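Trainee: Please give me a close look at one pocket in this model and at what lines it.

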Amino acid sequence: MGKIYLLAVISFLNGSSEYVIAGILDKVAESSNISVSSAGQLITVFSIAFGAGTPFLIAFTSKLDRKKLLVYALTVFSVVNILIATITGYEMLIVARIISALSAGVIQVTLLTLAAVLAAPGKQGSSIATVIMGNSTALVIGVPIGRVVASHYDWNLIFIGLGVTGLILLCLALLIIPKVVAEKAVPLREQFKFIVQPRIAAALLITLISLA
């Protein structure tokens, strides 16, 4: 079960990188000399890249060992978040957020895959739910914590913290998570066939509306 909790913590960190900027848009706008609405585009590009890019990256890396994929994605995630804290210029922030979103998407899907594989027999559902809870908790706890930090210190410190924590969790994943051989790849065309099935489409619609 310790492995599942580690995955949940990584999921919390992953979600925090996505949501935290929503609570500090005014700080980002002020330091970057842009409007708050322009700073809000950092959320928009993240969401688009996350949603549109993740399926293709997962398909592209389908033959890669899941542990190795998690380590690679966490490495990119950590480095990019540290860069977000150090780079200047709105355009560079946009690019960094896109790369961050792509790595976050790969991380989240890989975490769910690992949760299902590493779960005890009959516990796959609860293990996946635990990982998802980590991501959801980021919205409830991560955003307020980020706001408090940004109110007392520079907002850049938040992303340095995300990056450093990511590197620490990466090391723990290397030690704790076993090697998991990737399953046979499912072509994107076959995956899209599932989306049009009424029950699956309805479930996805509910998720879309709740997230919106």
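Mentor: The pocket comes before the helix.

The model is predicted, so local features need pLDDT of at least 70 and side-chain atom pairs pLDDT 80 or more, while totals for chains, interfaces and linings use all residues. Residues are numbered from 1 along each chain as its sequence is written, and side-chain values use heavy atoms, without hydrogens and water.

The second largest pocket holds about 250 Å³ of space (an open set of points on a 1 Å grid over the protein atoms alone, with protein on both sides within 12 Å along at least five of seven lines; its volume is what probe spheres of 1.4 Å on the joined points fill). Its lining has 15 residues, and S16, G142, I145, I158 and L162 are the closest to the centre (lining: an atom within 4 Å of a point). Two or more lining residues come from each of α1 (2–19), α6 (124–152) and α7 (156–176) (DSSP runs of H or I, at least four residues, numbered from the N terminus). The most come from α7, which gives six. By class, 10 lining residues are nonpolar, five are polar and none is charged (Gly counts as polar; Asp, Glu, Lys and Arg as charged).

Now for α6. Its 29 residues reach 41 Å from first C-alpha to last, close to the 42 Å expected at 1.5 Å a residue (1.5 Å times one less than the residue count). At A138, α6 bends by about 40° (angle between axes fitted to the seven residues ending there and the seven starting there). A138 is also among the buried residues of α6, as are G142, G134, N135 and G146 (under 20% relative accessible area, 1.4 Å probe, protein chains only). The cover over the buried residues of α6 includes α1, α2 (25–32), α5 (90–118) and α7 (contact: heavy atoms within 4.5 Å). G142 thus appears twice: it is one of the residues closest to the pocket centre, and it is buried in α6.

Technical notes
Buried < 20%, exposed > 50% of the residue type's maximum accessible area, 1.4 Å probe, protein only.
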